[in-house]
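This note sets out comments on the model shown below, as numbered points. They concern contacts, cores, strand pairing and domain division.

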Amino acid sequence: MQSAPPSFRYHLDPILTGSVVNSSDECERCGQARGLIYSGPIYAVDEVEFICPWCIADGSAAREFSAEFTTVDGAPSDIPRAVLDEVLHRTPGFAGWQQERWLFHCSDATAYLGRVGYGDIADLPSVIQALAVDGWDSGSLQHLSVDGDLTGYLFRCRHCEAKLAYADAS
Ligand SMILES: [Zn+2]
Ligand SMILES: [Zn+2]
C-alpha cells in the first residue's frame, strides 16, 4: 500500500532524487507506515531515523523533533525568512558527499532536481560557468558523475528557469 507523496515546490520529485524511498517502516512522528520514508539528512538534537514525507510537508516532523532537513548557509540576504523556513523545515533535503547547500535565484529558493553527471550539464554553459567560478576546472568537471566520487547537484529557478548547480567530492 502506497499513497502518492505530497508535493514540494522546492524538491519536485523526491522519489526520483532518492530522498524518499519505498519502505514499510513507521514514521516516528505520525506512527503510520504509508509506504514511503524520507532518506535524506535529518539535523536534530535527538536521533530520529524514520520520517514520512507527509510529516515533512506539514511541518509536524520539524516541529516535533526540532529538525532541519538541509542547510541554507550562504543564502542571499534578499531571501524571505518564510522561504528559508520552508526549505529547512518543510522540504525533503538530499544527501551530498559534503555538507549540502541549497541554491537560490530570483530572490527565491530554487527547486532541487537531483544529482547529475557531466553528460547532464555539458550543454548547459551557465552551469559549467558557475561550477568554474566555484573552482572546478574543466578537466575535473568531465569526471562529474551521478554516483561517482565527484557529483553535481542540479537546481532550477522557479521564476526564470535558470539551471544552477554545485559539485562536491567524496
Ligand atoms: Zn509521518
Ligand atoms: Zn531566476
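1. The model is a predicted one. Leu-154 is a suitable starting point: leaving aside residues up to four places away in sequence, Leu-154 touches Leu-113, Gly-114, Val-116, Asp-120, Lys-163 and Ala-165.

2. Leu-154 also belongs to the largest nonpolar core, which has 20 residues. Together with Phe-155, Ala-165 and Ala-167, Leu-154 is listed among the residues with the most contacts inside that core. At least two core residues come from each of strand 5 (111-116), helix 5 (125-133), strand 6 (150-156) and strand 7 (163-169). Another core, of 13 residues, lies apart from this one and includes Ile-37, Tyr-38, Ile-56 and Phe-69.

3. Three strands form an open sheet in the order 5-6-7, and their pairing is antiparallel. Strand 5 and strand 7 are at the edges with a single partner strand each, so one side of each has no neighbour in the sheet. On average, neighbouring strands of the sheet are turned by 25° against each other, direction ignored.

4. Seven bridges join strand 6 and strand 7 in the antiparallel sense. Within the sheet, Tyr-153 stands opposite Tyr-166 of strand 7.

5. How is the chain divided by the domain assignment? The assignment gives domain 1 (1-95) and domain 2 (97-169). The centres of domain 1 and domain 2, taken over C-alpha atoms, are 22 Å apart. Their contact involves 20 residues from domain 1 and 13 residues from domain 2. On the side of domain 1 that touches domain 2, eleven residues are nonpolar, six polar and three charged.

Conventions
Residues numbered from 1 in each chain as written. Chains lettered and ligands numbered in written order. Predicted model: local features only at pLDDT ≥ 70, side-chain atom pairs only at ≥ 80, totals over all residues. Core = buried A, V, L, I, M, F, W, Y, C linked by C-beta atoms within 7 Å. Buried ≥ 20, exposed ≤ 12 C-beta atoms within 10 Å, placed from the backbone. Helix = DSSP H or I, 4+ residues; strand = E, 2+ residues; numbered from the N terminus. Contact = placed C-beta atoms within 7 Å. Pairing = 2+ DSSP bridges. Axes fitted to C-alpha atoms, helices over the stretch in contact; angles between N-to-C directions. Domains from an automatic or database assignment. Nonpolar A, V, L, I, M, F, W, Y, C, P; charged D, E, K, R; others polar.
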